[in-house]
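Work through the exercises below with the sequence and the model side by side. Try each task before reading its solution.

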Amino acid sequence: MNTVASRLADTPAVRDVVLAAAAAARAKVRGEVPELGNAMAHAWIITGPPGSGRSVAALALAAALQCTDPVDIGCGRCPHCHDVFADAHTDVLRIIPAELSIGIDRMRAVRTEAAKLPTVSPWRIVIIEDADRLSDAAADAILKTVEEPPEHTVIIMCAPSIDPEDFSPTLRSRCRHLYVPYPSVGHIVDLLVAETGATPEDARLAAVASGRHIGRARRLVTDPDAQQRRASILNLAELIFHHDEAFKASTAFLKTVDKQVKSLSDEEDAGELEKLERSLGKGGRGKGTQKAMDGSSGMVKDLEKKQKMRRSRRNRDFLDLALVDLAGLYRDALLLSVGADVQLTHPDFEGLSRDLAAKVSEPGLVACLDAVTMARGHIGVNVTPTTAIDGMIGRIRLACGVS
Ligand SMILES: [Zn+2]
């Protein structure tokens, strides 16, 4: 499971493009051909549904380019392959934004980084995950780099699609496009077993319950908090039938999410603040130090703003994923109710979805699904989570005929 080819085995089209690009790049570096040719490009946009493995494809392309094995491109064994996949390669810069929107300052810094010569390998590679979060100004800031990249630089961006909503059309026209389809359940199982040591059974459940979303599946097998959130939200569908239990449970659920986001963020925030203060000379002696600290309150404020945005994004992401889980349960109930023979999203909750299918009419289950979709939309436009979820519970109660 370690070579580039094996990591992309499930998406042969992607694998072939990546290996052909790396082969063309290698031929150019070795001086065997004068030009890069059509297979390789300096700027890439990798798209696919969230969790399809866009980041895996981006890393695989980077590893294939940096690999030094003379025969097996993307061998998975050489130090370069190893470092790229471990996210520790000197010449590969990976931007994983935690904030909702990637600002212009970040991209100015990337522009500077991208212009540097590689130090230990033939290519300087910049990977920008979630490039759909680039602000217009930020996209403009790297346009020139994408348009006329330095000879040794490769920029790889990832986004859900090349729709103008998701990715800057100006950048789009300058990038080679690579589409990554959803991986199969079997592929995710192999990946998780190899990567996390999960049992094949747990890995399979995570792959199915996450809707074949690699990142979520990975979190489900490794993070007990994520398992707990999933169980809480799915149980809500049962509590709907018990007076105001669902409202009580949702209040508790939102509190838990807040707490989990807090514990995830507190340490990270403190570490960042400490690092910033140290770089500003806090703890030093002398008048100069004090002066520097006085002038730095703006930078501290900026950091705090960024951290607050990250918390709010995390909170929203957790809630949205929970609602996706809940929608999966109502979908399962609907499929059982019409007698469709398909893989359930939540096989471990089959009892509950069968129960729902027996108690609630088909139009009722469709209305439940609509209620969940509506709540996801509400949370997306900054309605408070409590309002959005309470509204949803009210609608689901009606749809289930609970008065
Ligand atoms: Zn290698």
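**Exercise 1: a buried aspartate**

Asp-130 is buried, with a relative accessible area of 17%; buried means under 20% relative accessible area, exposed over 50%, and partly exposed in between (1.4 Å probe, protein chains only). The model is predicted: local features need pLDDT of at least 70, side-chain atom pairs count only at pLDDT 80 or more, and totals for chains, interfaces and linings use all residues. Residues are numbered from 1 along each chain as its sequence is written, and side-chain values use heavy atoms, with hydrogens and water left out.

Task: Place Asp-130 in the fold and state its phi.

Solution.
- Step 1. Find the element. Asp-130 sits in the loop between β3 and α6. Helices (H or I, at least four residues) and strands (E, at least two) are DSSP runs, numbered from the N terminus.
- Step 2. Read the backbone angle. Phi of Asp-130 is near 50°. That is a positive value in a residue other than glycine.

**Exercise 2: a second positive phi**

Task: Find where His-243 lies, and decide whether it is buried or exposed.

Solution.
- Step 1. Locate His-243. It belongs to the loop between α11 (224-239) and α12.
- Step 2. Check phi. His-243 is not a glycine, yet its phi is positive, about 50°.
- Step 3. Apply the accessibility classes. His-243 has 68% relative accessibility, so it counts as exposed.

**Exercise 3: the surroundings of Arg-133**

Task: Describe what the side chain of Arg-133 reaches and which residues Arg-133 touches.

Solution.
- Step 1. Place the residue. Arg-133 is in the loop between β3 (124-128) and α6 (136-147).
- Step 2. Classify it. The relative accessible area of Arg-133 is 12%, so this residue is buried.
- Step 3. Look for a polar partner. The Arg-133 side chain reaches the backbone oxygen of Pro-97 at 3.0 Å. A polar contact is a pair of N or O atoms within 3.5 Å; within protein, one must be able to donate a hydrogen and the other to accept it, and residues adjacent in sequence count only if both atoms are side-chain atoms.
- Step 4. List the contacts (heavy atoms within 4.5 Å). Leaving out residues up to four places away in sequence, Arg-133 touches Pro-97, Ala-98, Glu-99, Leu-100, Ser-101, Ile-102 and Arg-313.

**Exercise 4: Glu-268 and its arginines**

Task: Which residues does Glu-268 touch, and how far is Glu-268 from Arg-133?

Solution.
- Step 1. Place Glu-268. It is in helix α12 (residues 245-279).
- Step 2. Classify it. Glu-268 has 30% relative accessibility, so it counts as partly exposed.
- Step 3. List the contacts. Not counting residues up to four places away in sequence, Glu-268 touches Arg-310 and Arg-314.
- Step 4. Check the side chains. Those of Glu-268 and Arg-310 make a polar contact (3.4 Å).
- Step 5. Compare with Arg-133. The two residues are 135 residues apart in sequence, and their C-alpha atoms are 21 Å apart in space.

**Exercise 5: two loop residues**

Task: For Glu-165 and then Ser-361, give the loop and the accessibility class.

Solution.
- Step 1. Glu-165 is in the loop between β4 (153-159) and α7 (169-172). With a relative accessible area of 72%, Glu-165 is exposed.
- Step 2. Add a distance. The C-alpha atoms of Glu-165 and Asp-132 are separated by 7.8 Å, with their positions 33 residues apart along the chain.
- Step 3. Ser-361 is in the loop between α15 (350-359) and α16 (362-380). With a relative accessible area of 43%, Ser-361 is partly exposed.
- Step 4. Follow the side chain. That of Ser-361 reaches the backbone nitrogen of Gly-364 at 3.0 Å.

**Exercise 6: a glycine in a helix**

Task: Is Gly-328 buried or exposed, and what does it contact?

Solution.
- Step 1. Gly-328 lies in helix α14 (residues 297-337).
- Step 2. Its relative accessible area is 8%, so Gly-328 is buried.
- Step 3. Beyond neighbours within four places in sequence, Gly-328 is in contact with Thr-345 and His-346.

**Exercise 7: the whole chain**

Task: How many helices and strands does the protein have, and what share of its residues is buried?

Solution.
- Step 1. The protein has 17 helices and five strands.
- Step 2. Of its 403 residues, 45% count as buried.
- Step 3. The C-alpha trace spans about 75 × 60 × 40 Å along the principal axes.
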